[in-house]
Amino acid sequence: TVEKLSDAHSLELLGNLSCLLLAWFLHMPDLASLRSGGRVIASSSRDPQHPEGFVIDGHDSTFWMSTGLYPQELVLELAETARSISSVRLSTSNVRRLRIEGQSFLSSSFEVLAEAEFEDLEGRLQLRELRCCLVRPVRILRVVVASAWHDFCSVHQVQVEGSTESSSPAWEAAEPSAPSPVPGEAAHCSFADAADEEERDHWFRLVQRDGWRLADAPEHLRADRELVLAAVMQDGLALEHAADFLRADGEIVFAALSQNPWAGHFMADYLEYSDCYHLEPAADEIDEEESAD
């Protein structure tokens, strides 16, 4: 009986996860594409027949070609500032090691979002999706080809998925806005002084390495949306230690479930059967409604 209940619960969690994935991806456009307004603003090499703009034109048949020296790089400006970047999809050939970097408003330098080794496919297309860990706002993305299997490599497509203010899911649009500051008072800032900012950065570094460290974070930081998002992207089960209102946050729940489906144990109850996922009501709920009628 216990095994049957466990299997049923697992299926329910997977069903909820599928609905979350579907609902979320409907709101995650390619932020780098030429069609959406993205552009390539710099490249380390140029070939008139294979310009850098080809990597965001939406066609695998076109490509940017590198020279024989490494590293090589492309710098992209996203169509909109991303609050967080979830993944970068790449179509390449002959790449051996590649790194994705992002530049946030909080820093003048680039930070590493993801890096990976690519298999030698002897000139055939290498298709990869790299999960990213940076949850700070990003507008500039740098693709660095650190090494290649041959003298020349090509990048056919770069697609960037992430959340923006204009692509906020329905559950975020429904959230009440913060109260306006009282005239004459300074605007409130949770991390106004340098000491608080230093503490926050310290915990950011900790949870990006080990998401479970969120359990040890001060209470006010367990209510910090960006810090919690960083934690659950590293360890989905860290959702257990997030503030209650963040366990009902769609983006955070999606990130947690993507990393570990068992994080569903710690979701807010109303999210599991929210109308925005169009889930069918359970059989016992239907019976209760019919009995009431």
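Let's start at the very beginning of the chain: over residues 1–5 the pLDDT stays under 50, where pLDDT is the predictor's confidence in each residue, from 0 to 100. The model has 0 contacts for this stretch beyond four places in sequence, a contact being heavy atoms within 4.5 Å. Further along, residues 272–286 have a pLDDT below 50 too, with 15 contacts in the model beyond near neighbours in sequence. Where pLDDT is low, the predicted coordinates should not be read in detail.

This is a predicted model, so local features need pLDDT of at least 70 and side-chain atom pairs count only at pLDDT 80 or more, while totals for chains, interfaces and linings use all residues. Residues are numbered from 1 along each chain as its sequence is written, and side-chain values use heavy atoms, leaving out hydrogens and water.

**The whole chain**

The mean pLDDT of the chain is 76, with 69% of the residues reaching 70 or more. The secondary structure comes to 7 helices and 9 strands; these are DSSP runs numbered from the N terminus, helices being H or I with at least four residues and strands being E with at least two. Confidence is lowest in helix 2 (residues 170–173), at a mean of 43, and highest in strand 2 (residues 64–65), at 93.

How much of the chain is buried? Buried residues make up 44% of its 293 residues. Here buried means under 20% relative accessible area, exposed means over 50%, and partly exposed is in between, using a 1.4 Å probe and protein chains only. The accessible surface is about 15,800 Å², and 53% of that belongs to carbon and sulfur atoms. Those areas come from the Shrake-Rupley method with a 1.4 Å probe, and for residues only the protein chains shown count as cover. Looking at contacts with a separation of 6 or more, 69% are between residues 24 or more positions apart.

**Inside the model**

Now for the nonpolar cores, meaning sets of buried Ala, Val, Leu, Ile, Met, Phe, Trp, Tyr and Cys residues joined through side-chain atoms within 4.5 Å. The largest one has 31 residues, and Leu76, Ile85, Val88, Leu98, Ile100, Leu141 and Val158 touch the most other members. Two or more residues each come from strand 3 (72–82), strand 4 (84–93), strand 5 (95–104), strand 6 (110–117), strand 8 (138–148) and strand 9 (154–163). Which strand gives the most to this core? That's strand 8, with 5 residues. Apart from this core lies another one of 25 residues, among them Leu206, Leu229, Ala238 and Val253.

Strand 8 deserves another look. Of its 11 residues, 8 are buried, so strand 8 is largely enclosed by the rest of the structure. Strand 3 and strand 8 pair in the antiparallel sense over 7 bridges; two strands count as paired if DSSP finds at least two bridges between them. One spot to find is Leu74, whose bridge partner in strand 8 is Val143.

Val88 is a good residue to click on as well. Leaving out residues up to four places away in sequence, Val88 touches Ile100, Arg128, Glu129, Leu130, Cys132, Leu141, Val158, Gln159 and Val160. Cys132 is itself buried, with a relative accessible area of 4%, and Cys153 is buried at 1%. With a disulfide taken as a pair of cysteine sulfur atoms within 2.5 Å, the count comes to 0.

**Odd spots in the backbone**

Most residues other than glycine have a negative phi, and most peptide bonds are trans. Here are two residues with a positive phi, although neither is a glycine.

| Residue | Phi | Loop | Relative accessible area |
|---|---|---|---|
| Asn94 | about 65 degrees | between strand 4 and strand 5 | 14%, buried |
| Glu122 | about 55 degrees | between strand 6 and strand 7 (126–131) | 66%, exposed |

There's also a cis peptide bond, joining Tyr70 and Pro71, with omega about 10 degrees. Pro71 lies in the loop between strand 2 and strand 3. Leu69 is found in the loop between strand 2 and strand 3 too. Is Leu69 buried or exposed? Leu69 is exposed, with a relative accessible area of 65%. Leu69 and Ser44 are 25 residues apart in sequence, and their C-alpha atoms are 9.7 Å apart in space.

Finally, Gly250 is found in helix 5 (residues 250–259) and is buried, with a relative accessible area of 0%. Met267 is 17 residues from Gly250 along the chain, and 9.5 Å separates their C-alpha atoms.
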